Amino acid sequence: MPPPHRPDVRIACDGACRGNPGPGGWAAIVRSDGKERVLKGAEPLTTNNRMELQAALAALQALPQPARVLVETDSRYLVDGMTKWLGQWQRNGWKTADRRPVANADLWTALAQAAAPHDVRWVWVRGHAGHPANERADRLANAAIDELLAEGS
């Protein structure tokens, strides 16, 4: 019996922070079968790295079924974490090579779980270099911060 069909999904995601830590926002553009869904959110006190991870996490959690997924991000932290470091962190009990706790382990754990049902390819793109989907995700992440700050005033 052939394996079940997995839809192709393309995700562009980005995080932003004003101050580090400071108010932060994240956004993901999820495209599949000619449809697009935009996800975004913000937190009053966070870091840029957390927002980068949150964008990818929200996008993967929004997928209704296992898929072939291309995640494009300008965060080397996210790409390297998912492709190079994650397995070692898990084997080391969420400790780094120098036995310190992994930063953002809560999000890394959730990301690993969210990615597990999918065939995910993590691709780094240069930020602020004219990549249309990344530029749009950046604008959406910053708009999420603006909305958060406007609510607080």
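Which residues do ring pairs link into a cluster? Keep that in mind as you turn the model around; the reply comes under point 6.

1. Start with the overall picture. This is a predicted model, and its sheet is a good place to begin. Five strands, written here as 5 strands, make an open sheet with mixed pairing, and their order across it is E3-E2-E1-E4-E5. At the edges you will find strand E3 (35–46) and strand E5 (119–124), each of which pairs on one side only. Neighbouring strands in this sheet are turned against each other by 20° on average, with direction ignored. As general background, strands of a sheet pair through backbone hydrogen bonds, in either a parallel or an antiparallel way.

2. Now follow the first three strands. E1 and E2 pair in the antiparallel sense over 8 bridges, and Ala12 stands opposite Ile29 in E2. The hairpin of E1 and E2 has 4 residues between the strands, and Gly19 there takes a positive phi near 90°. Strand E2 (residues 22–32) also pairs with E3, again in the antiparallel sense, over 10 bridges. Here Ile29 stands opposite Val38 in E3, while Gly22 has Thr46 of E3 as its bridge partner. The hairpin of E2 and E3 has 2 residues between the strands, and Asp33 in its turn shows a positive phi of about 50°. Is E2 enclosed or open? Because 10 of its 11 residues are buried, E2 is largely enclosed by the rest of the structure.

3. Next, see how two helices sit on these strands. Helix H2 (residues 76–91) lies across strand E1 (8–17), strand E4 (68–73) and E5, and runs at about 140° to E5. Helix H4 (residues 132–152) packs on the sheet as well, where it touches E1, E2, E3 and E4; its direction makes about 135° with that of E2.

4. The nonpolar cores deserve a slow look. In general, nonpolar side chains of soluble globular proteins tend to be buried together. In this model the largest nonpolar core has 35 residues, and those touching the most other members are Ile11, Leu60, Val69, Leu78, Trp108, Leu111 and Trp122. Two or more residues come from each of E1, E2, helix H1 (48–61), E4, H2, helix H3 (105–115) and E5. H1 gives the largest share of this core, 8 residues. A second, separate core has 9 residues, among them Ala12, Ala16, Ala27 and Ala133. To see one core member up close, try Val69: leaving aside neighbours within four places in sequence, Val69 is in contact with Val9, Ile11, Leu60, Leu63, His118, Asp119, Val120 and Arg121.

5. Helix H1 is worth a point to itself. How many of its 14 residues are buried? The count is 10 of 14, so to speak mostly covered. The buried residues of H1 are Met51, Glu52, Leu53, Gln54, Ala55, Ala56, Leu57, Ala58, Ala59 and Leu60. From its first C-alpha to its last, H1 reaches 20 Å, close to the 20 Å expected at 1.5 Å a residue.

6. Back to the opening question. Ring pairs link Tyr77, Trp85, Trp89, Trp94 and Trp108 into a cluster. Searching the whole structure gives 5 aromatic pairs. One of them joins Trp85 and Trp89; this pair is tilted, with 5.7 Å centre to centre and 50° between the planes. Because Trp85 and Trp89 are 4 residues apart in helix H2, about one helical turn separates them. Their surroundings are worth checking too: Trp85 is partly exposed, with a relative accessible area of 31%, whereas Trp89 is buried, with a relative accessible area of 10%.

7. Finish with a single residue, Glu36, which lies in strand E3. Glu36 counts as partly exposed, at 41% relative accessibility. Setting aside neighbours within four places in sequence, its contacts are Ile29, Val30, Arg31 and Arg136. Glu36 and Arg10 are 26 residues apart along the chain, and their C-alpha atoms are separated by 9.5 Å.

Definitions and conventions
Residues are numbered from 1 along each chain as its sequence is written. This is a predicted model: local features need pLDDT of at least 70, side-chain atom pairs count only at pLDDT 80 or more; totals for chains, interfaces and linings use all residues. Side-chain values use heavy atoms; hydrogens and water are left out. Two strands pair if DSSP finds at least two bridges between them. Axes are lines fitted to C-alpha atoms, for helices over the stretch in contact, and angles run from 0 to 180 degrees between N-to-C directions. Contact means heavy atoms within 4.5 Å. A nonpolar core is a set of buried Ala, Val, Leu, Ile, Met, Phe, Trp, Tyr and Cys residues joined through side-chain atoms within 4.5 Å. Buried means under 20% relative accessible area, exposed over 50%, partly exposed in between (1.4 Å probe, protein chains only). The expected span of a helix is 1.5 Å times one less than its number of residues. Rings of Phe, Tyr and Trp (its six-membered ring) pair if their centres lie within 6.5 Å; planes under 30 degrees apart count as stacked, over 60 as edge-to-face and the rest as tilted.
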